[in-house]
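Biologist: Could you take a close look at one part of this model for me? Pick a single strand and walk me through its surroundings.

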Amino acid sequence: MTQIFDFDSVIDRKNWDSVKWSKYADRDVLPFWVADMDFATPYFIIDAVRERLEHPILGYTSAPQDLEDAFVAWIARQFNWAVDPEWVIPITAVVPGLNLSVRSVGSEGDQCLIPVPVYPPFLEVPVQSHRRGVYSSLVLENDMWQMNFEDIANKAKNCSSLLFCNPQNPTGRVFTESELRKLGSICAETETLLISDEIHWGLVLEPACEHIPIASLASEIANNSITLISHTKTYNVAGLLSAIAVIPNPTLRQRFEVLVERTMPSGSPLSYAAGIAAYNDTSSWVQELTAYLRLNRDLVLTTIDSLSTVEAFRIEGTHLCWLDGRGMGVPDVAAHLERHGLGLSDGTEFGTPGFVRMNFAAPRKLLRQGLDRLVVAAMSSA
């Protein structure tokens, strides 16, 4: 395959209000923390935004019919999932969608079940939605993080909702069809609403793995689920917030729509333009991106394998590496790494102290610099 897209160029983001790079603006710390990529957004997304800017007014904008049409056609091509257009609700972002999904079922004071470790905003949902968080720890088996189905089944009986992340952030798991069916069945049997964040759908790195929308597997799972999905991670447009909620159950959908109308602002016309371009994409972007990320992943894992004080695990998807730094024997792993010029996400925020998360979606030259600093930090603690 001829490469079209450039992932090797290092792009200066320091003076462009980048959340990722501004965090350490006054320090010699390379940022590999927040989950956006240091790659140029694909040209066809930029072109679509430029075209929308030909109209001189950027006012309140309803989701265009073209967005819904492009999404329905895309999800059929991508996952062989026949989504009824009535199921589709455009929203501004996945994280607000998590909160509204939890509020779409049950009542205040209900329990919300969350497998951990997980992306920090998940852990904030129960408080923000006036629910009580209940947690089920993923279990490390055969170098992979697995769901504890017995624990989930026991706890789900007393929960009105379950927040699920696939591909999983931060562990990089891409759950199998068997695992997904088992989780879907537990939620259906216990009448626990399954809320699935599938924002990393396009970042499957292991050739033997595939992303399967959990609601596409069976009608009983679909009718007990809300799927939240977006193009923004795969196409590196995190700043142009946009997402889709897929809700087959009409009662759930109506409740969700009421909450959207009451609490969620209208989307950006530029975000809609980017979304339509992404869902209509026929380029080699996803294939080239995942091929590059796969080599980055391998570089990260090879480097960490040489260390005795840091442990990494099999990464099947996302551009994230979940690292166990407890072997370094320092009281604060993230702070120790920062002192050596490397900014990673603190595992405490994910519900797991002693771990850190590394985002390896960066030009390889920059990634190597970060890994060199990781090695020095790990050796200095040995």
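**A close look at strand 8**

Modeller: Let's start with one pairing: F164 stands opposite S196 in strand 8. Keep in mind that this is a predicted model. The strand that pairs with strand 8 here is strand 7, residues 159–165, and the two run parallel, joined over five bridges. Between them in the β-α-β unit comes helix 7, residues 177–190, and the unit is right-handed.

Now look across to strand 9, residues 225–229. Strand 8 pairs with strand 9 too, again in the parallel sense, this time over four bridges. If you want a residue to click on, try L194: its bridge partner in strand 9 is S225. In general, strands of a sheet pair through backbone hydrogen bonds, whether parallel or antiparallel.

So what about the side chains: are the residues of strand 8 buried or exposed? Strand 8 covers residues 193–197, and five of its five residues are buried, with buried meaning under 20% relative accessible area. As a rule, side chains in a regular strand alternate between the two faces of the sheet. You can follow that here: L193, I195 and D197 point one way from strand 8, while L194 and S196 point the other way. Both sets are buried, and that includes D197 and S196 alongside the leucines and I195.

Putting it together, strand 8 has parallel pairings with strand 7 and with strand 9. S196, opposite F164, and L194, bridged to S225, point the same way from strand 8.

Terms used
Residues numbered from 1 in each chain as written. Predicted model: local features only at pLDDT ≥ 70, side-chain atom pairs only at ≥ 80, totals over all residues. Heavy atoms only, no water. Buried < 20%, exposed > 50% of the residue type's maximum accessible area, 1.4 Å probe, protein only. Pairing = 2+ DSSP bridges. Right-handed = clockwise from strand over helix to strand, strands pointing away.
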